[in-house]
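Dear colleague,

I am passing on the structure we talked about, with its sequence, so that you can look at it before reading my notes. Please open it alongside this message and keep it in view as you go.

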Amino acid sequence: MVMNLENPLHALADWVSNTDTEWSETALHRARNAFIDIIAVIIPGTHEQVTQKVYKLACEWGKGNCVAIGFKGTLSPPMAALVNGTAAHALDFDDNFDPAKAHATAVLAPALLALADRYQLSGEKLIDAYIVGLQIIGRVGQGVNPYHRARGWHATSTVGAVGSAAGCARLLGLDAQQSAHAISIATSLAGGFMSQFGTMTKPLHSGLAAAGAVQAALFAKEGITAGDETLHGKTGMGTLMVGQDVEELRRGMQGKAEHGQTVTFSAQEIGTPLHIEEYGLKVKRFPNCGSIHRALDGLLDLREKHGFKAPDVKDVLVRAPAAHLRNLMYEKPQNSMEAKFSLEYSLAAGLLNGSVSLKEYEETNISNPQILALLPLIRKEYVEKLESDFYTQVHVTLHNGNVLSTEVAMPFGSTAVPLSDEQLWDKFDACVDNHIANRQKIDIKANLLNLLNEPDISSMMTIIRKQ
């Protein structure tokens, strides 16, 4: 492969391999916090049925010396990434990343942790690779979105695998040519449809993408080669995972790009702006689909400000971007997984309890008659506009005739309305307290707090494994 920096694949790979390691305090802090958040949700996620089943198979498919968080056995790097990636997304409590329209950290962090564990790499290298990998997840996402996701691809699985392979290449110290091969190989391991939402396969997508990212980087490290037009070529990701009308779509996006999404792979200024600074991550306040969050924030804010309770409410109308509401296909969910993709269930639970936590999504609560009785009160109206052009509106009509309204531009947990470090640690505690001993929790928190200075990630992973 002859490197040509006018080729987007080669430009991405060159940046991955050669960009400086001098990151801002903002970038380092946000990257560190991303690991705090993802470890918080992985620990309870290991107890979900899908993770338990995946771990059982992973033990048969590939033992090694890498930690699967929450389990005693150790696995090969791809299998550890598979298990940890599945657990990371099992509760749908992991962060969102706007440029990619994906759950970035649930794929990227498990992939990097597996390799850092295997090769006993430092926290500094881990954080560096996370920042680089997130940038490429964002750049690849901007190259195919918004239409890639709007047409039913699960970007966590597709874009996540490709960008995370770049992060893994960075972590392993691959040169530009090897990094290009790693990114290219990952396009052959990327897949996943939104038709899997509300099933065990949705979190499995995250695990498969993390495993694929690890495999792609290790294949490239071993000298396996790949094509150089797998992103922008006529039969590359930009056409096959967007559509044959991609040129028309690109023309239509001129002057309307949201989150930098131009449906074009750029070979220019790969690291500018730095995505972890420009866009940051949406850390989740609620353990459900991110498309619910603006509406749920609005309802809970109205409830707190005006003091109404469920019996006072006649009707709740949510007017939101159609792209959000199309993700929420379960009006009458039958299980916990479906409930996480139900606007009706989530708002009914919030209306009843004044909050929505992991407890509301336990299987025993899905048939709660008090919540079910409120489902008919929740109505929704699809608005065919971009999320940046139309803020989610919540209109609550009370039995006394009063109508209370609000609109929400960005959810709590986004960079516009961020969680404080204290609130992030509160989320950590709420996630792990029923699953690990207090002594282990204290040790894990100390390691995460000092992540940038950890000399050997495998030491931290040993503490996180099942005691």
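Below is what I found, beginning with the interior and ending with the surface.

Please bear in mind throughout that this is a predicted model.

The interior comes first. The largest nonpolar core holds 119 residues, and the members that touch the most others in it are Phe35, Ile39, Tyr130, Ile131, Phe428 and Leu448. Helix 2, which spans residues 25–45, supplies the largest share of this core, with 12 residues. Apart from this core lies another one of 39 residues, which includes Leu299, Leu325, Leu343 and Leu375. To see how the first of these cores is knit together, you might start from Ile39, which, leaving aside residues up to four places away in sequence, is in contact with Ile69, Leu113, Phe428, Ile444, Leu448 and Ile464.

A residue in helix 3 (residues 49–61) also deserves a look, namely Thr51. Thr51 counts as buried because its relative accessibility is 0%, under the 20% limit for that class. Again leaving out residues up to four places away in sequence, Thr51 touches Gly45, Thr46, Phe71, Val83, Thr86, Ala87 and Ala90.

Next come the charged pairs. Searching the whole structure gives 20 salt bridges, of which I describe a few here. Lys427 and Asp37 form one of them, with their closest N and O atoms 2.8 Å apart. This pair connects distant parts of the chain, since Lys427 belongs to helix 19 (residues 421–432) and Asp37 to helix 2, 390 residues apart. Are these two residues buried or exposed? Both Lys427 and Asp37 are buried.

A second salt bridge joins the side chains of Asp245 and Arg151, also at 2.8 Å from N to O. Asp245 sits in the loop between helix 11 and helix 12, while Arg151 sits in the loop between helix 7 and helix 8 (155–172), so this pair ties together parts that are 94 residues apart in sequence. Asp245 is partly exposed, at a relative accessible area of 28%, and Arg151 is likewise partly exposed, at 42%.

A further salt bridge, at 3.4 Å from N to O, is made by the side chains of Lys305 and Asp301. These two residues are 4 residues apart in helix 14 (residues 293–306), so about one helical turn separates them. Lys305 counts as exposed, with 62% relative accessibility, whereas Asp301 is partly exposed, with a relative accessible area of 28%. In addition, Asp429, Asp433, Lys441 and Lys445 are joined into one network by salt bridges that share partners.

Turning to the backbone, strand 5 (residues 392–398) and strand 6 (residues 403–408) pair in the antiparallel sense over 6 bridges. Gln393 has Glu407, in strand 6, as its bridge partner. The hairpin of strand 5 and strand 6 has 4 residues between the strands, and in this hairpin Gly401 adopts a positive phi near 95°.

Two cis peptide bonds that precede proline are worth checking on your side. The bond from Asn145 to Pro146 is cis, with omega near 15°, and Pro146 lies in the loop between helix 6 (123–144) and helix 7 (147–150). The bond from Thr272 to Pro273 is also cis, with omega near -5°, and Pro273 is placed in the loop between helix 12 (246–253) and helix 13 (275–278).

That loop between helix 12 and helix 13 also contains His259, a residue other than glycine with a positive phi, near 55°. Val263 is found in the loop between helix 12 and helix 13 as well, and its phi is positive too, near 60°. His259 is buried, with a relative accessible area of 15%, and Val263 is buried, with a relative accessible area of 0%.

Finally, on the surface, Leu189, Phe219 and Ile224 make a nonpolar patch of about 230 Å². Ile224 is located in the loop between helix 10 (201–222) and helix 11 (237–240), and with a relative accessible area of 39% it is partly exposed.

With best regards

Definitions and conventions: Residues numbered from 1 in each chain as written. Predicted model: local features only at pLDDT ≥ 70, side-chain atom pairs only at ≥ 80, totals over all residues. Heavy atoms only, no water. Patch = residues over 30% accessible without salt bridge, like charges linked within 9 Å, V, L, I, M, F, W, Y side chains within 5 Å. Areas by Shrake-Rupley, 256 points an atom, 1.4 Å probe, with all protein chains shown as cover. Salt bridge = Lys/Arg side-chain N within 4 Å of Asp/Glu carboxyl O. Buried < 20%, exposed > 50% of the residue type's maximum accessible area, 1.4 Å probe, protein only. Contact = heavy atoms within 4.5 Å. Core = buried A, V, L, I, M, F, W, Y, C linked by side-chain atoms within 4.5 Å. Pairing = 2+ DSSP bridges.
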